[in-house]
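This report is an introduction for a reader who meets the structure below for the first time. It moves from a helix and its surroundings to the aromatic rings, and then to the strands.

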Amino acid sequence: MREAWEVLTAGPEDADRSVLLLPGGANAARSFNLVMAEQALSGVRLVATTLPGMAGAPLSDDVSVPALARRAGELAKEHGCDVVVGFSHGATVALEMLLSGHFQGPAVLLGISLTTEDEAGFFRAAVRASEKVGSWPMAVLLRLLPLMAKSAKTPEAHKRELIEDLKQNSARDSVRVSSVYLDYIAADRNYAALLAASGNAVWVVHAEKGDGGLTDAERATLQAAANVTLVTVPGAVFLLPDEAPQQTAAVIATALSQATD
């Protein structure tokens, strides 16, 4: 039977530096395979985990963002991780790890949505409709994801794995996880300001097009923060770890260079 927090590791067990990798919604730990194979991270211990309810992994008792952040913080401590990296939903978990004090090191937030406005409208609509009429709107969306993934600019072998993982998602589980995620980013909290005030070294990474973005106010707040670096990946990219592994690994390597013992 699969576990709620499946772990995939790469790199030497006795490495001086370790990184925790949190995938995006509907994705599994191996969505970071290409990033983990990049030369820039050679010699680094890389620990990726499938979040509960994603890619067919079972739900945990509490799938709220704060609960996921607590457990992810425990994983980071267990594996001695110096940097946390999250993509999309995983980036939100990483954000909460910083804000709640479950992690004190540098963080790389890939394709993060800091407010409802940043998140894709079709995704929000599918989740909120599923809350009212049953999970079938989410089921429709999940059937479309593998079709979207077929156009991803990523090697064919990795694309097959990605599509296989997307097909494992349960609509009912996805609604449960996504509902509390949308509630979190809809809360009356200025996450950009909180991130700027956290003191953690943070890299916020978005593509020019395809993976959401930041509002003008959020961007201005983060640009003014001494601890935050904004990174823009050129072109249209929907899945940063899968389609831009070299750029992603380079940012992680930079974050590692600023990690302290």
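## A helix enclosed by others

A residue is called buried when its relative accessible area is under 20%. The model shown here is a predicted one, and helix α7 (residues 171–185) is a useful place to begin reading it. Of the 15 residues of α7, 11 are buried, so this helix is largely enclosed by the rest of the structure. The buried residues are Ala171, Asp173, Ser174, Val175, Val177, Ser178, Ser179, Tyr181, Leu182, Tyr184 and Ile185, and what covers them includes α2 (65–78), α3 (89–100), α4, α5 (136–149) and α8 (191–197). From its first C-alpha to its last, α7 reaches 21 Å, which is close to the 21 Å expected at 1.5 Å a residue.

Valine 175, which lies in helix α7, gives a closer view of these surroundings. This valine is buried, with a relative accessible area of 10%, and once its neighbours within four places in sequence are left aside, valine 175 is in contact with Ser130, Glu131, Ser135 and Met138. Separation in sequence can be set beside separation in space for valine 175 and glutamate 156, which are 19 residues apart in sequence and 29 Å apart in space, C-alpha to C-alpha.

## Helix α4 and its buried face

Helix α4 (residues 121–133) is one of the elements that cover the buried residues of α7. Helix α4 has 13 residues and reaches 18 Å from its first C-alpha to its last, close to the 18 Å expected at 1.5 Å a residue. Within α4, the residues Phe123, Ala126, Val127 and Ser130 are buried. Seen down the axis of the helix, the buried residues of α4 fall within an arc of 95°, so they line one face of α4. These buried residues pack against α5 and α7, and just after α4 the chain comes to glycine 134, which takes a positive phi of about 105°.

## Two aromatic pairs

A pair of aromatic rings is described by the distance of the centres and the angle of the planes. Rings are counted as a pair if their centres lie within 6.5 Å, and by this rule the count comes to 2 aromatic pairs. In one of them, the rings of phenylalanine 123 and tyrosine 181 have their centres 6.3 Å apart and their planes at 50°, so the pair is tilted. Because phenylalanine 123 lies in helix α4 and tyrosine 181 in helix α7, this pair ties together parts that are 58 residues apart in sequence. Phenylalanine 123 is buried, with a relative accessible area of 16%, and tyrosine 181 is buried as well, with a relative accessible area of 2%.

The rings of tyrosine 184 and tyrosine 191 have their centres 4.9 Å apart and their planes at 20°, so this pair is stacked. Both tyrosine 184 and tyrosine 191 are buried.

## Parallel strands and their crossovers

Strand β5 (residues 107–110) is covered on both faces, with Ala107 and Leu109 buried on one side and Val108 and Leu110 buried on the other. Strand β4 (residues 83–87) is joined to β5 by 4 bridges, and the two strands run parallel; the bridge partner of phenylalanine 87 in β5 is leucine 110. Between these strands the chain crosses from β4 through α3 to β5, in a β-α-β crossover that is right-handed.

Strand β5 also pairs in the parallel sense with strand β6 (residues 202–209), over 4 bridges. Along this pairing, alanine 107 stands opposite valine 202 in β6, and leucine 109 stands opposite valine 204 in β6. Strand β6 is itself mostly covered, since 6 of its 8 residues are buried. Over 7 bridges, β6 pairs in the parallel sense with strand β7 (residues 228–236), where the bridge partner of lysine 209 is alanine 236. The chain crosses from β6 to β7 through helix α9 (residues 216–223), and this β-α-β crossover is right-handed.

Key
Residues are numbered from 1 along each chain as its sequence is written. This is a predicted model: local features need pLDDT of at least 70, side-chain atom pairs count only at pLDDT 80 or more; totals for chains, interfaces and linings use all residues. Side-chain values use heavy atoms; hydrogens and water are left out. Rings of Phe, Tyr and Trp (its six-membered ring) pair if their centres lie within 6.5 Å; planes under 30 degrees apart count as stacked, over 60 as edge-to-face and the rest as tilted. Buried means under 20% relative accessible area, exposed over 50%, partly exposed in between (1.4 Å probe, protein chains only). The expected span of a helix is 1.5 Å times one less than its number of residues. Contact means heavy atoms within 4.5 Å. Two strands pair if DSSP finds at least two bridges between them. A crossover is right-handed if, with the strands pointing away from the viewer, the path from the first strand over the helix to the second runs clockwise. The arc is that of the directions from the helix axis to the C-beta atoms.
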